[in-house]
Amino acid sequence: MPELPEVEVTRRRLEPELVGRNFTEVVLRVTKLRLPVPVELARILPGLAVRGIERRGKYLLFDCGHGWLLIHLGMTGFLRLLRSSTPPGKHDHLDFIFDGGQLLRFHDPRKFGIVTWFTGDPQEHPLLVNIGPEPLTDAFTGEYLFTATRKRNGALKQLIMDSSVVAGVGNIYANEALFHSGIRPDRGAGTLTVQECTLLASVIRTVLEESIGEGSTCRVAEDTVAYYPQNFTVYGRGGEQCSSCGSRLEEIRLGNRSTVFCRICQV
Ligand SMILES: [Zn+2]
C-alpha cells in the first residue's frame with residue numbers, strides 16, 4: 001500500500017518528465033474509483049500544461065494552471081510512465097497522454113484510488129482541508145506533537161496514523177518510528193512526555209526521509225507495477241527476533257491494523 005514515501009518517490013519520478021508538457025488526450029475506462037471520476041477531464045485537460053506536481057499527505061496535486069488534478073493512489077494505485085502506443089492491460093483505468101508521446105497511466109486493481117479535478121485553492125479541497133502538518137516540514141515538531149497528544153487517551157500509534165494530527169504517516173512507518181523511538185504503540189497518547197514527543201517527531205521524519213532518499217527502502221518497479229518496501233526493522237516481522245535485544249517481536253491489532261513491537265526495547 002503506497003504510504004507517504006511511495007507517494008513522494010512517485011512525485012519525484014514524474015515531476016522532471018511531465019512539468020512543462022501539455023495534455024493532449026485523456027482516456028477514461030472507468031467512471032468511478034473510490035469516488036466518481038469526473039468525465040469532463042477528457043474535455044478540460046487537453047491543451048493545459050503541467051506547471052508543477054506537489055504532494056499533500058498522500059495526495060498528488062498536478063498544477064494545471066486553471067485548476068488542479070488530484071490523485072490519491074488508495075490501496076493499490078500506481079502511476080506509470082509509458083509510450084502512448086502501449087496497449088492498456090487489466091486494471092489500467094485512466095490514461096493521460098502528453099505532447100511528445102508520453103503516457104501517464106493509472107493502474108489500480110482495488111479501485112480505492114481517487115482521481116478528481118478542483119479549481120480553487122487545493123488546500124481548501126474537502127479532502128485536504130483537515131490534513132495536519134506535513135511530517136517533513138518544520139511545522140511538525142515535538143512541541144506540536146506534545147500539544148496534539150494532551151488529553152488523548154487512545155493508543156499512540158492510532159494518533160500518529162490520524163491524518164488530521166500529522167499528514168500521511170501510515171501503518172508501516174508508524175510501526176517503524178515507534179520502534180526506533182523506544183515507545184510502545186499501545187501507550188496512551190496523553191502519557192507521552194515532552195522529551196518523548198521531541199524524539200518521536202524527529203524519528204518519524206528520519207524514517208520517512210530515509211525511505212524516500214538515496215538507498216531508499218521504497219523502490220518502484222514499473223515493469224511489474226509494484227512498490228517494494230523492504231528492510232523494515234519491525235513491520236511484517238511479528239514473531240521474529242528483535243534486531244536490538246534478540247527477544248521475540250510481539251504482534252497485536254490496534255485499530256484493526258497489524259502492530260509489531262518489542263516488549264523489552266519499547267516502554
Ligand atoms: Zn528488543
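What share of the contacts with a separation of 6 or more in the protein comes from residues 24 or more positions apart? In this predicted model, such pairs account for 65% of those contacts.

## Overall build

Let's start with the whole chain. The protein contains six helices and 12 strands. Its radius of gyration is 20 Å, close to the 18 Å from the globule rule for 267 residues, so the protein is as compact as a globular protein of that length.

If you like to think in box dimensions, the C-alpha trace spans about 55 × 35 × 30 Å along its principal axes. Of the 267 residues in the protein, 36% are buried.

## Where α3 meets α6

Now for a closer look at one helix pair. Two packed helices are described by the angle between their axes and the distance between those axes. Here the pair is α3, covering residues 142–149, and α6, covering residues 194–212. Their axes come within 7 Å and cross at roughly 120°. That angle makes α3 oblique to α6, because roughly perpendicular ends at 115 degrees and roughly antiparallel needs over 145. The crossing of α3 past α6 is right-handed.

## Residues at the contact

Which residues of α3 and α6 meet? From α3 come Gly 142, Leu 145, Phe 146 and Thr 149. On the α6 side, Val 194, Cys 197, Thr 198, Leu 200 and Ala 201 meet them. By character, the residues of this contact of α3 with α6 comprise six nonpolar and three polar, with no charged ones.

How values were computed. Residues numbered from 1 in each chain as written. Predicted model: local features only at pLDDT ≥ 70, side-chain atom pairs only at ≥ 80, totals over all residues. Helix = DSSP H or I, 4+ residues; strand = E, 2+ residues; numbered from the N terminus. Rg over C-alpha atoms; globule rule 2.2 N^0.38 Å. Buried ≥ 20, exposed ≤ 12 C-beta atoms within 10 Å, placed from the backbone. Contact = placed C-beta atoms within 7 Å. Axes fitted to C-alpha atoms, helices over the stretch in contact; angles between N-to-C directions. Parallel < 35°, antiparallel > 145°, perpendicular 65-115°, else oblique. Left-handed = near helix turned anticlockwise from the far one by under 90°. Nonpolar A, V, L, I, M, F, W, Y, C, P; charged D, E, K, R; others polar.
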